[in-house]
Amino acid sequence: MKRFFIYVLSLLVLASCGGDKTTVRLADNPARAVNFDKTYPIVDSLLRVMTLEEKIGQLVLYTSDWDVTGPSIRDGYVDDIRAGKCGNIFNAYTADYTRQLQEIAVNETRLGIPLLFGYDVIHGFRTIFPINLGISASWDMPLIEESACIAAHEAAAAGLHWTYSPMCDICVEPRWGRISEGAGEDAFLGSAVAAAMVYGYQGKDLEDPLTIAACVKHFAAYGAPQAGRDYNTVDMSERWLREFYLPPYKAAVEAGAQTVMASFNELDGTPATANAHLLTEILRDEWGFDGFVVSDYTGIWEMVNHGTSKDLEDACIQALNAGNDMDMQSGGYSEYLAKAVKEGKISKKTLDEAVRRVLTVKARLGLFEDPFRYCDAEREAAETKTESNLMTARTLAEESCVLLKNNNNLLPLNKNSKVAVIGPMADRADDLLASWRGAGQVEGVKSILDGIKEMAGGVVYAQGCDVEKPGQAGFNQAEYTARSGGTVIMVLGEPCDWTGEAACRTSIQLPGEQKELLRRIAATGQPIVLVLLNGRPLDLSEESELADAILEAWYPGTMGGEAVARLLFGEASPSGRLSVTFPYNLGQVPIYHYAKNTGRPYVHHGVKYESRYLDCENEPLYPFGYGLTYTTFTYGKPELSAAEFGPKGSITAKATVTNTGSKEGTEVVQLYIRDLVGSVTRPVKQLKGFERITLAPGESREVEFEITPELLSFWRKDMTFGPEAGEFRLFIGPASDCQDFVTFKYNK
Ligand code: BGC
């Protein structure tokens, strides 16, 4: 430790000034991260004295294997740290253990450069929030930011500097298990969520030991694998990529995210890991990103399997030259970069630039000032799962749940009423934490059944069947239980490890015997509330007929049991709206709200040659943006401040929303726009704004949106980004299937 500080001091004294000025362009709130403009002379000083091997060490990232998040293909990371061959570690945490490793790096290596500790803090660290698909269904950006801020506090106190989040992958593919990790199907909503998370993690000052660096992943288009199978080929036009997939990554970069993770997939025939178009042309040259790029887990090694590199050495050369600064876990940079630099296959400049980027992020985190500022055992104990963190988790869990059906206002149930709880997911507390649960522990987590017991007047319970295995031996008991209680609450879903990485399905039905169990219970005639725990849009076409009420609860996290019970019994009221379309069945997939009109849209019902199915509607079961509340809202027709505007102007659009029910409720007011004629085809409707408002019974509010040229912009025929003159339709409503519109003109 002493040695480290003496060393740093001497470097600082020797350092020439101003060599390291770097700037991140922030989108809308430049005050957020105050140290991005600061210069760090130590970075230049270090670069001047580092050996080739020491430089390469800074580009190497190994797992500690505390958590297994990919194939374990190597060990010996502690020796590598000591030898200066590994400057970054992931999957290791706790104040004590990170301190132990940091001491090796700082005191036992020649230059004492601190380690960077990364981890998948995806929806919480110790306090686990709902899965990200659920979080995005809250449409509540301040609360999402707060959840990321809490996650950062807890993680930073356990020695972590860097989270592999936000996951910005747009997805319209429910077979893909990782749809659960993202913000759903839409670029506009996804961008808002991505920025909120970056702000939450990174705070106002990255040097503050309560903040951690964000990592935008998986760049790019990882959420569009063919056939919904993880790691599979991705191919789409540049136009589609830029309009519907890139915006959330860009929003996260503009919010100041310090790092970006290259995705596993190929795009247009080149693995993202070594895709210079993505990693250099778009990310750095167009967007001005000045942090570092890390590969995904063994991503560099996998280029040999992709068939674009003849061996690992070749893969390393391609990856670094394309802009991939850090090698996660393939071991290739460690083994081959020195040779490649000596042979001139990688220039010294390219290597130095990569090292500079990594060291700059370390400097921005304040690690050169105090490498141990994040490993504080006292703070770790004090910050973890505090009452206030748990309350935020409960609120976010409540806000993420989406009420899909509520016949005859079956919900909310009277507190203290008798209920029968049935279903294999009811008593599985562990599943509430989902995949990518950070360091979340199941101890003390209440299941949905536990939560209900605290609210209801009497509870009888039967599991009914297993979640996934065949067997109907429990059905009779479940039927008996259904008849003996009051309202039936069925808790069904997918086991949580059926979503997340490498957890794809070819069916989006409830697994096992659960649907049959629902049929049998429905046959008893008892009113049924169906609570769903799952991480993807499911085919609920039959369930939506059989159940009287349906609450989509996703995997709601540490406080999910209480949150769901509070919603069921009216202590809280549902306000979530779907961030992804729920189809009638898998045959409709991909289905999303920003579809194009086609040359033969389905309008003249009964005519054969139209874009339609013979055996199913075109519309989904539940559209994007949809969700019920315990009250009702009406919308006045949208009104415009003017019927036209031009490049330097804007207009406002507003609608009056009224709570016409008898309970307070929260509405997510949504703005959609259609560009009627474009130089290329445009979506029939596209989300362009939203606002969450809470209204008392009888209360009305005017909700206003500003319509700017930027909002109308898209990638035009000539691949420039901007608006085109013409006529537009504007919709303000409660979901993407809203119909009332007004028209306006945009003039050149
Ligand atoms: C995943 C990433 C994750 C990384 C590190 C990979 O398998 O794709 O999302 O950040 O492992 O755990």
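Author: A disulfide is a pair of cysteine sulfur atoms within 2.5 Å. That cut-off is applied here to a predicted model.

Reader: How far is the sulfur of Cys 316 from the closest cysteine sulfur?

Author: A disulfide needs two sulfurs within 2.5 Å. The closest cysteine sulfur to that of Cys 316 belongs to Cys 86. The pair is too far apart for a bond, because the separation is 15 Å.

Reader: How many disulfides does a search of the whole structure find?

Author: Cys 316 has no partner in range, because its closest cysteine sulfur, in Cys 86, is too far for a bond. The search covers the whole structure, and the number of disulfides found is zero.

Reader: Is Cys 738 buried or exposed?

Author: Buried means under 20% relative accessible area. Cys 738 has 8% relative accessibility. Cys 316, at 0%, is buried. Cys 738 therefore also counts as buried.

Reader: Which residues are closest to the ligand?

Author: The ligand is surrounded by 14 residues. They divide into seven nonpolar, two polar and five charged. The closest are Thr 69, Asp 120, Arg 178, His 218 and Asp 296.

Reader: What share of the ligand's accessible area does the protein cover?

Author: Start with the polar contacts to ligand oxygen atoms. The side chain of Asp 296 places a polar atom 2.6 Å from one, Arg 178 has a side-chain N or O atom at 2.7 Å, and a polar side-chain atom of Lys 217 lies at 2.8 Å. On its own the ligand has 310 Å² of accessible area, and the share covered by the protein is 99%.

Conventions
Residues are numbered from 1 along each chain as its sequence is written. This is a predicted model: local features need pLDDT of at least 70, side-chain atom pairs count only at pLDDT 80 or more; totals for chains, interfaces and linings use all residues. Side-chain values use heavy atoms; hydrogens and water are left out. A residue is near a molecule or strand if one of its heavy atoms lies within 4 Å of it. A polar contact is a pair of N or O atoms within 3.5 Å; within protein, one must be able to donate a hydrogen and the other to accept it, and residues adjacent in sequence count only if both atoms are side-chain atoms. Accessible areas come from the Shrake-Rupley method with a 1.4 Å probe; for residues, only the protein chains shown count as cover. Ala, Val, Leu, Ile, Met, Phe, Trp, Tyr, Cys and Pro count as nonpolar, Asp, Glu, Lys and Arg as charged, and the others, Gly among them, as polar. Buried means under 20% relative accessible area, exposed over 50%, partly exposed in between (1.4 Å probe, protein chains only).
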